[in-house]
Amino acid sequence: MWWRFISEITNEYKILRGMISYSALWPLGCILQQTFEGKRWHNYDWQRCLRYSLYGTFVSAPMLYTWMRVANIMWPRTDFRSSLAKAFTEQAAYDPFAIVFFFYGMSILERKSQHQAAEEAQSKFWDTYKVGFFYWPCVQTFNFSMVPPKNQIVVAGFFSLIWTTFLAYVKTMAKEEEHHPMAHHVAHHPQEWNGSKQLVSK
């Protein structure tokens, strides 16, 4: 009975398919990233997972659903050429906004200031975008050409699991720099560090 109810309501309100999928896939990506860090069940950062779940459910899924609706209206055909056009238009118009909003939004959820959130988004954008430029066009060309529109956000969600794990990794690298400001300073000013070592040795 519950499965029939869920099926009926998600068929009527297709945005819910993506929201339900992302509510699980985004925190799972965070857990995978923490596992690669060496963490296990007893020391996972569950608050971080909750933030990813909230962001995936209420921000990422609705944004992606809206973009896919717009793309399917602009290019209603599902042939390879139209799918390729959708994928690269997404990379040019949607992905830059989504990447900036991810770093900014997640920083705000971490209770950082708006200035800190903007700085992180600026410092992490280009490296993240370059990876996405090679990844997402391949994924979305397949998605737009082979998958029915009502299921496209779900399929994109599964590929998004890999992407979310990567985003979580980038976020963690930013945190490590914040927690170790001396290491960040040394990395950018090695001459000063070498000079101070020589003074100490004398």
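The nonpolar core, helix H3 and the salt bridges of a predicted model are described here. Local features require pLDDT of at least 70 and side-chain atom pairs pLDDT 80 or more, whereas totals for chains, interfaces and linings use all residues. Residues are numbered from 1 along each chain as its sequence is written, and side-chain values use heavy atoms, without hydrogens and water.

The largest nonpolar core (buried Ala, Val, Leu, Ile, Met, Phe, Trp, Tyr and Cys residues joined through side-chain atoms within 4.5 Å) comprises 35 residues. Buried denotes under 20% relative accessible area, exposed over 50%, and partly exposed in between (1.4 Å probe, protein chains only). Helices are DSSP runs (H or I, at least four residues) numbered from the N terminus. Two or more core residues come from each of H2, H3, H4, H5 and H6, and H3 gives the most, with ten.

Helix H3 (46–74) has 29 residues and spans 40 Å from its first C-alpha to its last, close to the 42 Å expected at 1.5 Å a residue (1.5 Å times one less than the number of residues). A kink of about 40° is centred on Gly 56, the bend being the angle between axes fitted to the seven residues ending at a residue and the seven starting there.

Nine salt bridges are present (a side-chain nitrogen of Lys or Arg within 4 Å of a carboxyl oxygen of Asp or Glu). In one of them, Glu 110 meets Lys 171 at 3.3 Å, N to O. Glu 110 lies in the loop between H4 and H5 and Lys 171 in H6, so the pair ties together parts 61 residues apart in sequence. Glu 110 is buried at 19% relative accessible area, and Lys 171 is buried at 2%.
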